[in-house]
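Here are a few notes to go with your first look at this one. Keep the viewer open while you read, and check each point as you go.

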Amino acid sequence: QAHLDRIAAVDGDVHAFLHVSDHAVDVAADIDRRRAAGEELGELAGVPLAIKDVLVTTDMPSTSGSKILEGYMSPYDATVVARARAAGLVPLGKTNMDEFAMGSSTEHSAYGPTHNPWDLDRIPGGSGGGSAAAVAAFEAPLALGSDTGGSIRQPAHVTGTVGMKPTYGGVSRYGAIALASSLDQVGPVSRTVLDSALLHDVIGGHDPHDATSLTDAWPSFAAAAREGATGDVLKGLKVGVIRELDDTGFQKGVSESFRASLAAMEAAGAEIVEVSAPHFEYGVAAYYLILPAEASSNLAKFDSVRFGMRVNVPGGTVEDVMAATRDAGFGDEVKRRVILGTYALSAGYYDAYYGSAQKVRTLIQRDFDEAFAQVDVIATPSAPTTAFRLGEKLNDPIQMYLNDVTTIPVNLAGVPGISIPSGLAAEDGLPVGIQFVAPAREDARLYRVGAALE
Ligand code: GLN
């Protein structure tokens, strides 16, 4: 009830939520009854949870921020939602996002932007700006996000929260409305590293409904975070910094905060090691071929017949109806990427664009492999700038895309990455995050290191 009251008080300004549950209090009361009856419930039982609208839910609409899915009710819950409910978490509502998770500011939502609680004139990051803002504004203690190129970590960076993108395959994508299937991962957003770890323990692990789900047995991430908070894990830790990633393009306060974090780690016994990742700088270019290609294919299912909205065209053919529906239902950024993707995949261009991008992806994976032969984790600033003003980059897609220079290579390589708050930028007093990246399957290492620095 306290969180619902908080939402009622501030969400008119923040607009983190697209839908607030009308039965969260009943669900919470039921958890209380079960606990009173002596049932053993997990650590997160009774904790409210905000859910990014990319994740389908049976009891609330799921729109993925798009008009084309307005009011859509799913016949099933995403696996991560089902697992959260089973663990006794209480879904509070669905959070705002850029349409189909395409964006870095939540301004591409068909339902209006979310505002950054630190400064309502500024963006909360994207695409998961709603989840990050909900956590930062104390509307929810925990949230679920999805990260295809940075959509959990970049919003965490600009809102002073923690956001984790797990190893590809570590968390089920079943019921996460697909953007780019080879890049998408679901993950937690929270105010502390331990909170994210606890939620990751609940949602992670093998799911037969997701063909790319890993069958690994995972260690307890909460145990890793607790160990990090108490232990001496920074002593002797080898932290890689990428030589090719100099200060160019980074806001002064972001670079300063990054260097201060490195100095703090060094003082605690970590060794800072320069590593080379020569192909890192081609990540954004490769991503904006691979992502639109996969997205154009994934979004073909919004054909006016199977899901959501339909615009009738009197006397028109099925194709006329499909075209009119997609024209009215999709926003400009979605159309831009569908056009880019179908072009990149078309006969005659496939090898030159999509094929080349896949080769760059392999080179980036090799850069990470070589770096991780020398270091335990890699550190980068989570994003180049602090929260920018609403509208500032809306009409300049390239500037918008460059927000993800340090997060995108992590998705291309399939490795885990976490953004944790590293302080405030001196020039504007806005939050800054530091990103840590680990080898595939070493998610626990990120919780250990993140908690140690917190
Ligand atoms: N900002 C990136 C994009 O627009 C990342 C999105 C995401 O991670 N879903 O594609």
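1. Start with helix α3, residues 79–86, where Thr79, Val80, Val81, Arg83 and Ala84 are buried. Bear in mind that this is a predicted model. The cover over those buried residues of α3 includes the strands β2 (48–52), β4 (142–147) and β6 (185–190), along with helix α6. Just past the helix, have a look at glycine 88: this residue follows α3 and has a positive phi, near 90 degrees.

2. Since α6 has come up, follow it to its partner. Helix α6 (residues 193–203) packs with helix α15 (residues 443–453) at an angle of about 160 degrees, and the two axes are 9 Å apart. Angles over 145 degrees count as roughly antiparallel, so that is the label for α6 and α15. On the α6 side the contact is made by Val193, Leu194 and Ala197, and on the α15 side by Tyr447, Gly450 and Ala451. Sorted by class, that contact has five nonpolar residues, one polar and no charged.

3. Now compare another helix pair, α9 (residues 283–298) and α12 (residues 351–372). Their packing angle is about 125 degrees, with the axes 9 Å apart. That angle makes α9 oblique to α12, and the crossing of α9 past α12 is left-handed. From α9, the residues in contact are Gly283, Ala286, Leu289, Ile290 and Ala293. They meet Tyr353, Tyr354, Ala357, Gln358, Val360, Arg361 and Ile364 in α12. By class, the α9 and α12 contact divides into nine nonpolar residues, two polar and one charged. When you look at the spacing along these helices, remember that an α-helix has 3.6 residues a turn, so residues three or four places apart point the same way.

4. The loop between β3 (90–95) and α4 (129–136) deserves a slow walk, and serine 127 sits in it. Which two residues does a cis peptide bond join? They are glycine 126 and serine 127, and omega there is about 5 degrees.

5. Still in the loop between β3 and α4, find alanine 101. Alanine 101 has a positive phi of about 65 degrees, although it is not a glycine. Is alanine 101 buried or exposed? The cut-off for buried is 20 or more other C-beta atoms within 10 Å, and alanine 101 has 29, so it counts as buried.

6. Threonine 106 is in the loop between β3 and α4 too. Threonine 106 is not a glycine either, yet its phi is positive, at about 65 degrees. With 34 other C-beta atoms within 10 Å, threonine 106 is buried.

7. Next, the ligand. How many residues surround it? There are 13, and the closest are Ala101, Ser104, Thr148, Gly149 and Ser151. So the alanine 101 of point 5 turns up again here, among the closest residues to the ligand. Split by class, the shell around the ligand has four nonpolar, seven polar and two charged residues.

8. Last stop: glutamate 266, in helix α8 (residues 252–267). Its count of C-beta neighbours inside 10 Å is 13, so glutamate 266 is classed as partly exposed. Check its distance to valine 239 as well: the two are 27 residues apart in sequence, and C-alpha to C-alpha they are 9.1 Å apart in space.

Methods: Residues numbered from 1 in each chain as written. Predicted model: local features only at pLDDT ≥ 70, side-chain atom pairs only at ≥ 80, totals over all residues. Axes fitted to C-alpha atoms, helices over the stretch in contact; angles between N-to-C directions. Helix = DSSP H or I, 4+ residues; strand = E, 2+ residues; numbered from the N terminus. Parallel < 35°, antiparallel > 145°, perpendicular 65-115°, else oblique. Contact = placed C-beta atoms within 7 Å. Nonpolar A, V, L, I, M, F, W, Y, C, P; charged D, E, K, R; others polar. Left-handed = near helix turned anticlockwise from the far one by under 90°. Buried ≥ 20, exposed ≤ 12 C-beta atoms within 10 Å, placed from the backbone. Near = placed C-beta within 6 Å.
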